[in-house]
Amino acid sequence: MNTIIRKSMLSVAGLAFAGGVFAGPIAAHAAPVDGKPVAVAVQTVKAQGAQSHIDLNDEQIANVKAIIAATKKADLPKRAAVISIATSLQESKLENLGHLGDKNDHDSLGLFQQRPSSGWGTPEQITDPQYSTTAFLKGLKQVDGWQDMALTDAAQTVQVSAYPDAYAQWEQQATDLVAQHWNS
């Protein structure tokens, strides 16, 4: 019976550990079976540092849904949507920003504050949520190992921001938004 339970737990977790070794915060509290540790499936967010959160209006939620739709259309996993939404939270608070005059960072526009002068597209294109998300995702797919990187590292590699660690603060909210809207 214990062997069946152990195999079920390993199957659920999708993990195979040589020699029965496993790690993580849950590891210290897992009870061994037949004297060997058991892997435990845990859904966690690898959020780095203090997390920020903002309340979203209907327009911002529509932009979340547009980012998720573009991610699905690109046939990418939820993690790509989380990175995209966290990036947009940092860059524009999920607002599709036009030219901000003196407050503008160069010629940055849209959800991701992409710049026409840097080759992201025309102003009309990068203020289209579908296009800007697709452009961001195209850049993300070119980052080797983005699926396993810290969110802030993956976002920074695409965005090349003056504040490379700023994306991390939005990981929890982005994860929650993807969980809430992925199937809606």
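What follows is a tutorial dialogue on reading a predicted model.

Me: Let's start with the overall layout. How many helices and strands are there in the chain?

Reply: Seven helices and zero strands. Going along the sequence, the pattern reads α-α-α-α-α-α-α. Of the 184 residues in the chain, 37% are buried. On the outside, about 10,400 Å² is exposed, and carbon and sulfur atoms supply 53% of that.

Me: And what share of the contacts with a separation of 6 or more comes from residues 24 or more positions apart?

Reply: That share is 59%.

Me: Now the interior. Which residues have the most contacts inside the largest nonpolar core?

Reply: General idea to begin with: in soluble globular proteins, nonpolar side chains tend to be buried together. Here the largest nonpolar core has 33 residues, and those with the most contacts inside it are Ile83, Ile85, Leu94, Phe136, Leu140 and Trp146. Two or more residues each come from α2 (58-73), α3 (78-92), α5 (129-141), α6 (151-159) and α7 (171-181). The largest share, seven residues, is from α3.

Me: Say I click on Leu140. What is Leu140 in contact with, leaving aside its neighbours within four places in sequence?

Reply: You'd find Ala80, Ile83, Trp146, Ala154 and Val158.

Me: Let's take one helix, α2. Which of its residues are buried?

Reply: Keep the helix geometry in mind: an α-helix has 3.6 residues a turn, so residues three or four places apart point the same way. In α2, the buried ones are Gln60, Asn63, Val64, Ala66, Ile67, Ile68, Ala70 and Thr71. These buried residues pack against α3, α5 and α7.

Me: What span should α2 have, and how far apart are its end C-alpha atoms?

Reply: Use 1.5 Å a residue: the 16 residues of α2 should span 22 Å, and the end C-alpha atoms are 22 Å apart, so the two agree.

Me: What about the ends of α2? Which residue caps the N-terminal one?

Reply: Asn57 does, with a side-chain oxygen 3.0 Å from the backbone nitrogen of Glu59. Just after α2, look at Asp75, which takes a positive phi of about 60°.

Me: How should I read a positive phi?

Reply: Most residues other than glycine have a negative phi. Besides Asp75, look at Leu94, where phi is near 65°, and Gln113, which isn't a glycine either and has a phi of about 50°.

Me: Where do Leu94 and Gln113 lie?

Reply: Leu94 lies in the loop between α3 and α4 (123-126). Gln113 is also placed in the loop between α3 and α4.

Me: Are they buried or exposed?

Reply: Leu94 has a relative accessible area of 0%, so it counts as buried. Gln113, at 13%, is buried too, since the cut-off for buried is under 20%.

Me: Last topic, aromatic rings. How many aromatic pairs does a search of the whole structure find?

Reply: One. Phe112 and Phe136 are stacked, at 4.9 Å centre to centre with 10° between the planes. Phe112 is in the loop between α3 and α4 and Phe136 is in helix α5, so the pair ties together parts that are 24 residues apart in sequence.

Me: Are the two residues, Phe112 and Phe136, buried or exposed?

Reply: Both Phe112 and Phe136 are buried. Phe136 also appeared earlier, among the residues with the most contacts inside the largest nonpolar core.

Methods
Residues are numbered from 1 along each chain as its sequence is written. This is a predicted model: local features need pLDDT of at least 70, side-chain atom pairs count only at pLDDT 80 or more; totals for chains, interfaces and linings use all residues. Side-chain values use heavy atoms; hydrogens and water are left out. A nonpolar core is a set of buried Ala, Val, Leu, Ile, Met, Phe, Trp, Tyr and Cys residues joined through side-chain atoms within 4.5 Å. Buried means under 20% relative accessible area, exposed over 50%, partly exposed in between (1.4 Å probe, protein chains only). Helices (H or I, at least four residues) and strands (E, at least two) are DSSP runs, numbered from the N terminus. Contact means heavy atoms within 4.5 Å. The expected span of a helix is 1.5 Å times one less than its number of residues. A polar contact is a pair of N or O atoms within 3.5 Å; within protein, one must be able to donate a hydrogen and the other to accept it, and residues adjacent in sequence count only if both atoms are side-chain atoms. Accessible areas come from the Shrake-Rupley method with a 1.4 Å probe; for residues, only the protein chains shown count as cover. Rings of Phe, Tyr and Trp (its six-membered ring) pair if their centres lie within 6.5 Å; planes under 30 degrees apart count as stacked, over 60 as edge-to-face and the rest as tilted.
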